[in-house]
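Trainee: I've got a structure open and I'd like to learn how to read its features. Can you walk me through it?

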Amino acid sequence: MKRIIVGMGTCGLSAGAQAVYNRLEELVADNPDACVLSKTGCIGMCYREPLVEIDDGDNRVIYGGVTAKTAEDIVERHVLKDERIADESLVYAIAGDGQTAGSEAPFLDLQERIVLRNCGSIDPESIEDYVAAGGYAGLKKALLDLSPDAIIQEIKDSGLRGRGGAGFPTGLKWSFCAGYEADQKYVVCNADEGDPGAFMDRSVLEGDPHSVLEGMIICGKAINASFGYIYCRAEYPLAIHRLEIALAAAREAGYLGKNILGSGFDFDMKIKQGAGAFVCGEETALFASIEGQRGMPRIRPPFPAEKGLWQKPTNNNNVETYANVPWILSEGSQAYAAFGTEKSKGTKVFALAGKVANGGLAEVPMGTTINDLVFKIGGGIKEGREFKAVQMGGPSGGCIPAAMGDTPVDFESIPKTGAIMGSGGMVVMDDSTCMVEIARFFLNFTQTESCGKCTFCRIGTLRMLEILEKLTLGEGEPEDLDRLSELAIRIKEASLCGLGQSAPNPAQTALRYYLDEYEAHIHDKHCPAGACLPLVNFSVIEEKCSGCTLCAKNCPVDAISGKPKEVHIIDQATCVKCGKCITSCNFNAILTQ
Amino acid sequence: MVSKQENFSYRLWRYDGAPGELIPLLQSAQDHFGYIPRRAINYISGVTGIPESEIYGVITFYSQFRLRPMGKYVVRVCAGTACHVSGAKMITETVEEEIGVGVGDTSEDGLFTLNTVACIGCCSLAPVVMVDDDTFGSLTPASTRKLVKKFKREASKQQTAPTETPVT
C-alpha cells in the first residue's frame, strides 16, 4: 500500500497543487487497494513545486513540477507498476538504508532538519501524524519528569538563541520570566514574520503547527504561565487555518487545557491575527496590538519578562525558537549543541529567494558559509548571471557582497560585515540589481511602516528616502552622501525601537561596499546595474524581438520605429525612459543598461 | 460554518468585557461589510465603551483596515524584497494599465481594488500577485495581463450588485 503525499503549502498551492490533488483524488478512488492520498506542508523545495511524494514504507520518492497530467503517469507507472519515472522530474529519493538520489538531492542532503523535521512528511492537519513522528514526547518529559528549573537548564545547555533576529539566549530569557511572581503570566509567540523575503515561519506554521504549540506549552511549564497567545500576521490565512485546527486537536487530545497529561498543569492559548503593521513584529508593539491598541513600541526597561502583556510577566519568542524546543527536550541538549559553532549552537532555517536558482527553505547548521548556501544548496544564480550580493536581515539588515561569500553565517560573523543575521531571509542579488535602488527600496518600506512615535525615525527616514529617490532619478548632489551618513547615525541614536534603530542599515552597508555605484549615480548620472530607468539607455535585443510592434504603439513619444515582423529600434534622443515598452513587450526584448 | 452575517452581530452580542477584543471585532466587521462603515464603529463603541476617536485611531494605524468599500476583486501585488528584485515594479505598472487605476484605488466599475502588500511569503515564486485569497506566482507583464483579463471575463459573467456607500 503506497502513500501519495501532495505538498499543499502556500507555495505548492500557488504553483497549482490543488489541481494535482484533485486529479489524484479521482485516481486513488479508482485504486483504493493500491494507495492512499494525503497532504503535507512545505518541504522547502519551493522552486520545484508542485511536489508529490510516493512512500511505499521503505522508500520515499519525490517528483517535482507535477501537473494533473503527469500525476496520471506517476500513478500508472510508479504506484501501480512500481516503475519509477527516472527523469529530471524525480527530484529526490531516499531508500530505507538512507541512500539518496534524484536531480535535486544536494538541496536536501546538505540540510540538517530539526525545525523542519516534519515539514513535507506529515499531514499538518493530523495530530496522529505528529504524535507518530515523535510529537508531544518532549512535553511528556517536561511535565512528568522534569522540574521547571530543569527544563530551563536543558534549554540553556543546548545553547539555543532566539531565532527572530536578536539571538538572545533562550534559556536565559526564560529564566528571567520564571523569576517573577504574578497572578497571571503569559507565553507569547511572535508569528508576525514581517520581513519581506522571509517565509520560514510561514512554512513551519503551515507544515508543522503542533511543534510550535508544544514548544509554547513547555515554556509555560518552565516559567509557570497559564495562557499563551500566537500573534500571526493576517497575510498568512493558511497558517492561521492550520493553527486553528491544531489548537482544537490539541485540546481534544488533552495536550491543552486543564491538568495536561494528568500533571496538574493548566495551559491554554489563543490566536490573535495581525492587521498589517510591520512594527508589530517588535515585541512591545506586538503586546500593544494584542491589547487592542495602536501598535506603538514602549520603552524598556521594564522588560517583558517583568512587565509585558497587560503589564504581566511575559515570555516572547519567535516561531522557529519554539519549534526547536520539543526536539531539544526529547533528544537532549547535547544533541542540539553538537550542531553549529561555539557561540551559535544548533541549526537555522534560511529562506533563499531572489535571483537564486533554487529558491526555497534550507535548514543548515550555524556556521555554514554564504557561498555554500547560495551555490551548493541554492544552485547558483539564475540565468547564469553574476552573483553580486546577498541581503540578510530584511529591512533591518544589510547587503553582503559576493566577495565576502566565505563568511560563516552565525551570530558573531555576520554582524561584523555590517548586516545582521535577522530572522533568516536571504535575498540573493545579481549584477542587474542596483544597490542604490535597493537602499531606497528598504527605506521606503521602513518609512511607510514607521509608527511615528519618535521624531528621528518618523522624519529622518523620510529625509533619507528623499535623498535616495533623488539619486535614483539622477538628481543627486555630492553632499548627499554626507547627509545620508549623518542622518543614519542620528536616527539610530534617537529611536526607541529596533525599527528605527536598524532602518538606516541597508543604506549604510550599501555606502560601505558600493560607494562607486553611489558616485556613478551622482557624478555620472548613470546606473551601472541598469536598474534605475532614468539613468540607463533603452535598446531592443535583436535576437528576442519578434517585430510585433506593440512597443512602438505604446511608446508615448514615438521613439520606437520598425516594420511588422522586423526588429524594432529605439531612438535614444527621443526616448524619455518611461519603461512602457518593457511592460508592453511579451518577449522580454527590451534591454536597459 | 457560521455565516458572516451572524459572526459580527454575534461577536458584538457576546462581548463580555474581555480585554483586547477591539482588533478582532474590527476584523469581524470588515469581513461582514467588506470595509468598516461608520455605523460599525458606532456599534463597537457602544458595546465596548471605547471612544469612537480611539477606534478610529486603531483603524487608521493598521493597513488591513479600510474605511471605504473595496472592489469585487482585491488585487495585491507583492512588493517584498524578492519580488522587487524580480520585477514587481513592472508587474504593478502592468496591472495599473490593465485595470485603469493607481495603487490604492478602486476601479470605477467597482470590480478591482489595487494595493501593494509588503510580503506574502511566497518568495521563491517571485514576482507574486494575490487576488483575494488566491496567489499567483512567477509572473511576467504578459502573464499578468492574461490574469487580469481572466478575472474581467469571470466578473462579466456574473452580475455585480451596487456596493454600499460609506458615510465617512
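Mentor: Sure, we'll take a sheet, then a helix, then the contact between the chains. Keep in mind that this is a predicted model.

Trainee: What should I look for in the sheet of chain B, starting with the order of its strands?

Mentor: In general, strands of a sheet pair through backbone hydrogen bonds, either parallel or antiparallel. Here you have an open sheet of 4 strands in chain B, in the order E2-E1-E3-E4, and the pairing is mixed. Strands E2 (112–117) and E4 (134–136) of chain B are the edges, each pairing on one side only. From one strand to the next, the twist averages 25°.

Trainee: In which sense do E1 and E2 of chain B pair?

Mentor: Parallel: E1(B), residues 73–78, joins E2(B) over 6 bridges. To find your place there, look for B:Val74, which sits opposite B:Thr113 of E2(B).

Trainee: And which strands does helix H6 of chain B lie across?

Mentor: H6(B), residues 88–99, lies across E1, E2 and E3 (129–131) of chain B, and runs at about 155° to E1(B).

Trainee: On to the two chains. How many residues does each bring to the contact?

Mentor: The size of an interface is often given as the accessible area lost when the parts come together. For this one, let's go by residues: chain A puts in 45 and chain B 38. Elements giving two or more residues to chain A's side include H12 (283–290), E11 (347–354) and H17 (435–449) of chain A. The largest share of that side, 5 residues, is from H1(A).

Trainee: What's the chemistry of chain A's side?

Mentor: It divides into 22 nonpolar, 17 polar and 6 charged residues.

How values were computed. Residues are numbered from 1 along each chain as its sequence is written. Chains are lettered from A and ligands numbered from 1 in the order in which they are written. This is a predicted model: local features need pLDDT of at least 70, side-chain atom pairs count only at pLDDT 80 or more; totals for chains, interfaces and linings use all residues. Two strands pair if DSSP finds at least two bridges between them. Axes are lines fitted to C-alpha atoms, for helices over the stretch in contact, and angles run from 0 to 180 degrees between N-to-C directions. Two residues are in contact if their C-beta atoms, placed from the backbone, lie within 7 Å. Ala, Val, Leu, Ile, Met, Phe, Trp, Tyr, Cys and Pro count as nonpolar, Asp, Glu, Lys and Arg as charged, and the others, Gly among them, as polar.
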